[in-house]
Protein chains: 2
Amino acid sequence: MKTSAKFYHAGCPVCLDAEKAVLAYLDRSKVDLEIVHLGSAKPRVAEAAAAGVVSVPALVIDGQALNINHGAPLSALG
Amino acid sequence: MKTSAKFYHAGCPVCLDAEKAVLAYLDRSKVDLEIVHLGSAKPRVAEAAAAGVVSVPALVIDGQALNINHGAPLSALG
């Protein structure tokens, strides 16, 4: 069974660079990936926070939050 | 041709959690991955810094530095 992953971003340049790497190199045979733009899906900020995301871009995979570089703090997106 | 990637860490718990995710989900059919422990390979701290790494754990892939969560600043490892 595939694991599920969510990539949270907010459209920032740092986010887009990270998204490119995630899309290119995440093993999609093992992972179902959802891309979530928190700028246009504000109700999901709480979901991201609950998963351990503190800043975007971030990848939540297997229940683990990987905050990648730093585009914006989650607190700026609520 | 595979792209090359380096995962830099320093043995910290945050590093090991991130390493587990990288090893599990990075698409190894596209990526040649090298794991570098900067605690035992101090001469390579400069190499990591030159690639844009500011903290560990970090993945450098396609020339892009992805600092993942925050285990330790690179400056603590030199």
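How many residues of chain B are in contact with chain A? In this predicted model, 18 residues of chain B are in contact (heavy atoms within 4.5 Å) with 18 residues of chain A.

Between them, chain B and chain A bury about 1500 Å², where buried area is the accessible area, taken with a 1.4 Å probe, that two parts lose on being put together, summed over both; 51% of the buried area lies on carbon and sulfur atoms. In chain B, the residues that lose the most area to chain A are Y25(B), Q64(B) and N69(B), which together account for 41% of what that side buries.

The side of chain B that touches chain A divides by class as follows.

| Class | Members | Residues on this side |
|---|---|---|
| Nonpolar | Ala, Val, Leu, Ile, Met, Phe, Trp, Tyr, Cys, Pro | 10 residues |
| Polar | the others, Gly among them | 4 residues |
| Charged | Asp, Glu, Lys, Arg | 4 residues |

Across the interface of chain B and chain A, the rule for salt bridges (a side-chain nitrogen of Lys or Arg within 4 Å of a carboxyl oxygen of Asp or Glu) finds 0.

A rotation of 180° with 0.0 Å of shift along its axis superposes chain B on chain A with an RMSD of 0.0 Å, the fit being by least squares on the C-alpha atoms of residues with pLDDT of at least 70 in both copies. That is the relation of a two-fold axis, and the same surface serves both copies, since 100% of the contact residues of chain B recur in chain A.

Residues are numbered from 1 along each chain as its sequence is written, and chains are lettered from A in the order in which they are written. Local features need pLDDT of at least 70, side-chain atom pairs count only at pLDDT 80 or more, and totals for chains, interfaces and linings use all residues, while side-chain values use heavy atoms, with hydrogens and water left out.
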